[in-house]
There are 2 protein chains.
Amino acid sequence: VSKSELELIAWLKRRQSPAPSHVELSIGDDMASVRLGAARVLITSDLLLDGVHFVVGEHTPEQIGRKAMACSVSDCAAMAVRPVAATASVALPDKVDMAFAQRLVEGMNAVADAYDCPLVGGDTTSWPSGLVVDVAMLGEPWPGCEPVRRDGAKPGDAIYVTGPLGGSRLGHHIDFSPRVAEAHRLVTELRERLHAMLDISDGLSLDLWRICEASGCGAELDEALLDDVVSEAARALSARDGRSVLDHVLNDGEDFELLFAVDPEEPAPPIGVRVGTMVTSGLTLTGRDGTSRPIEAKGFQHFT
Amino acid sequence: VSKSELELIAWLKRRQSPAPSHVELSIGDDMASVRLGAARVLITSDLLLDGVHFVVGEHTPEQIGRKAMACSVSDCAAMAVRPVAATASVALPDKVDMAFAQRLVEGMNAVADAYDCPLVGGDTTSWPSGLVVDVAMLGEPWPGCEPVRRDGAKPGDAIYVTGPLGGSRLGHHIDFSPRVAEAHRLVTELRERLHAMLDISDGLSLDLWRICEASGCGAELDEALLDDVVSEAARALSARDGRSVLDHVLNDGEDFELLFAVDPEEPAPPIGVRVGTMVTSGLTLTGRDGTSRPIEAKGFQHFT
């Protein structure tokens, strides 16, 4: 994300006409939610571009297809809903052949099969430019469970993540497992104690800021707790590029782990590692010496 | 559409795993249909590319936004369902500014407002290549009406279109009105007599072939009847490029009129112009002298 992309989204939210009554949740969360009679359907779309989210030639068509589908499945995890079906729109570079397109689809189908979320339609066109893959996906609430939004966090909530962070560009970004089962377990066991959730796509600092902004509160991360969520890749990348491990944990993107705010009472969530606490305002990091300093919510420039 | 795109779609249909029971209609129609409890939701996605479906600089951002949304609304018309909500994924060229993006969204919102189909989400990324706009749209059946597929035509059915055809590239392709109200009226008045329908996006010959292929029958167009659906633009383009008016009517794309096959009994459809008859096999044109000749289902290369 660039500054202008964040500005555009802010403008979109302001610009919106009053939502019709069938729209429960519109622009600004991981998925939108629409009522259809007694049913409720959630929808997301994710656009992946050559040179931004993957590199043709460096990544195989199967990997690109898997990532395209997995990004949208991860949005379903972020809302704690069940993936139902997907469509894929693909702009194929003139220079690729039929086998490339088929391998791309095989990659999509592998993830579709794993999450019981079939590819049911789409659109394909050739053009003289780079590969573009957009996946739109439908989800529905798990029986008896409400979708989990990002605007329900409260001061005092404990902040958790479901796995290691940072260094995703070394490989995790193209080969990750969306946390659908984890989200289902969290919402089933925690119910309304699970106040806010999203999947970390643009980095912990920016995505946590998004929960803060939507919920009207702040957050305090704990440097000592973050030690427990440092990925091997974050260490490897730090050794290579000289940026601190902490910088990678806070600001790398495409981890696709869940970040959630939960009522601090017992029992603790069945899964996840605690990394901080929601507060009334600000976005800060408490160091090992107990001093607190502000964190900048850095926009992730994707992996290239 | 190129030959390879048609081949890819044929391969996709063959490749599909058996659809889960909640998928009513998968790849191969204008929209897919999925059951969610007692409700039923339809979904489509349409990918528009700079230099293929529009030209940045030649068309305004508002026009491009309107076309992107209107193409998906037209898919809802093709299925005779009500548009419900949409998401838009946009790849913005690095060189365009915030105002361009906002004008693009204003174009989308104009169509969204006109069809009561709000933009509820999406994705946006900048990249150093051409503008890409993908719109995914949800629809739901009109109360008491079944969605109209393309696979129900029968020999003997009368073939109709809702408006003039050909020469769309002269301007109609970027500024058309999806036939949602017309489709609603047709399905309401004709009910199960409306056997098959789609919107003409790739040209009458190819789209009629699609109905034939899906329905397992053939079609016979009548040259004298086609006189009544020649657009002004088809005549103008013919005068300019030397291709016959008939060629433009049969093979130009992006008319976005409805093409439908209806039980030939009385009463006739409340709207539309008859252009031919479904038969058991083949795709032919009956000339003014009564002789019949085969038509080639030519793939429309879009407007550039």
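The following exercises, with worked solutions, concern salt bridges and burial in a predicted model.

**Exercise 1.** Determine which parts of chain A are tied together by the salt bridge between Arg150(A) and Asp30(A), and whether each partner is buried or exposed.

*Solution.*
Step 1. The contact is established from the side chains: Arg150(A) and Asp30(A) form a salt bridge with an N to O distance of 3.2 Å. This falls within the 4 Å cut-off.
Step 2. Each partner is then placed in the chain. Arg150(A) belongs to the loop between strand 6 (132–141) and strand 7 (158–161), and Asp30(A) to the loop between strand 1 (23–25) and strand 2 (32–36); the pair therefore ties together parts that are 120 residues apart in sequence.
Step 3. Burial requires a relative accessible area under 20%. Arg150(A) has 11% relative accessibility and is buried. Asp30(A), at 11%, is buried as well.

**Exercise 2.** Locate the partners of the salt bridge between Arg179(A) and Glu257(A), and classify Glu257(A) as buried or exposed.

*Solution.*
Step 1. The side chains of Arg179(A) and Glu257(A) meet at 2.9 Å, N to O, in a salt bridge.
Step 2. Arg179(A) lies in the loop between strand 7 and helix 4 (180–190) of chain A, while Glu257(A) lies in the loop between helix 8 (245–251) and strand 10 (258–262) of chain A; the pair links distant parts of the chain, 78 residues apart.
Step 3. Glu257(A) has a relative accessibility of 2%, so this residue counts as buried.

**Exercise 3.** Carry out the corresponding analysis for Lys67(B) and Glu254(B) in chain B.

*Solution.*
Step 1. A salt bridge joins the side chains of Lys67(B) and Glu254(B), at 2.7 Å from N to O.
Step 2. Lys67(B) sits in helix 2 (residues 61–79) of chain B, and Glu254(B) in the loop between helix 8 (245–251) and strand 10 (258–262) of chain B; 187 residues separate these distant parts of the chain.
Step 3. Lys67(B) is buried, with a relative accessible area of 1%, and Glu254(B) is buried at 3%.

**Exercise 4.** State which residues are joined into one network by salt bridges that share partners, and how many salt bridges are counted over all chains.

*Solution.*
Step 1. The network consists of Glu24(A), Arg35(A), Arg40(A) and Glu146(A).
Step 2. Over all chains, the count comes to 40 salt bridges.

**Exercise 5.** Describe where His59(A) is found and how far this residue lies from Glu7(A).

*Solution.*
Step 1. His59(A) is in the loop between strand 3 (39–49) and helix 2 (61–79) of chain A.
Step 2. With 9% relative accessibility, His59(A) counts as buried.
Step 3. From C-alpha to C-alpha, His59(A) and Glu7(A) are 31 Å apart in space, and they are 52 residues apart in sequence.

Note on methods
Residues are numbered from 1 along each chain as its sequence is written. Chains are lettered from A and ligands numbered from 1 in the order in which they are written. This is a predicted model: local features need pLDDT of at least 70, side-chain atom pairs count only at pLDDT 80 or more; totals for chains, interfaces and linings use all residues. Side-chain values use heavy atoms; hydrogens and water are left out. Helices (H or I, at least four residues) and strands (E, at least two) are DSSP runs, numbered from the N terminus. Buried means under 20% relative accessible area, exposed over 50%, partly exposed in between (1.4 Å probe, protein chains only).
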